[in-house]
Amino acid sequence: MGEFKPVIVGFLCRWCASAAADLAGTSRLQYPATIRPIRVNCSSMVDPAYILRALLEGADGVLVGACHPGDCHYVDGNLKERRRIAVIKNTLGKLGLQPERVRFEYISTSEGLKFAKVAEEFTRQIRKLGPNPLRGGFDD
């Protein structure tokens, strides 16, 4: 058995966080290949059920990347999602699953370096937590 390789589902806003991930790649920034990106039109489209399902299916962590406050193409979708994330983290804690497995981050289009840094930090955090106790749905 080798080193634990986390699987992180990344719900990335099309307008900002996804573009930042693309910028990090085209800039050849080094960061772990642990994030499985899913592009969404707005972070507010990430229903809490999607986050729960990712964890129940065995993802070790979930990252939601959104536009900065005031920059959302859908006015305040990012702020609504931030509130939802707070609720879901609270719920996860009550269910006995570490709320630290979910992270919400504002990342703008020009912040490729920030995306790489967040990917590195979150991967390190998930490695410390260890595999999701519900893991089994994802294969490396």
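R103 and E105 are both buried, where buried means under 20% relative accessible area, exposed over 50%, and partly exposed in between (1.4 Å probe, protein chains only). A heads-up before the exercises: this is a predicted model, where local features need pLDDT of at least 70, side-chain atom pairs count only at pLDDT 80 or more, and totals for chains, interfaces and linings use all residues. Residues are numbered from 1 along each chain as its sequence is written, and side-chain values use heavy atoms, leaving out hydrogens and water.

**Exercise 1.** Work out how R103 and E105 pair up.

*Solution.*
- Start with the rule: a salt bridge puts a side-chain nitrogen of Lys or Arg within 4 Å of a carboxyl oxygen of Asp or Glu.
- Now check the pair: the closest N and O atoms of R103 and E105 are 2.9 Å apart, so by that rule they form a salt bridge.
- Across the model, the count comes to 10 salt bridges.

**Exercise 2.** Take the salt bridge between R84 and E81, and sort each partner as buried, partly exposed or exposed.

*Solution.*
- The N to O distance is 2.8 Å.
- Both residues sit in helix α3 (residues 77-95), three residues apart, about one turn of the helix; helices are DSSP runs (H or I, at least four residues), numbered from the N terminus.
- R84 has 31% relative accessibility, so it's partly exposed.
- E81 has just 1%, so E81 is buried.

**Exercise 3.** Do likewise for R124 and E120.

*Solution.*
- Their salt bridge spans 4.0 Å, N to O.
- Both belong to helix α4 (residues 112-129), four residues apart.
- R124, at 42%, counts as partly exposed, and E120, at 34%, is partly exposed too.
- Elsewhere, salt bridges with shared partners link R103, E105, K114, K117 and E121 into one network.

Technical notes
Helix = DSSP H or I, 4+ residues; strand = E, 2+ residues; numbered from the N terminus.
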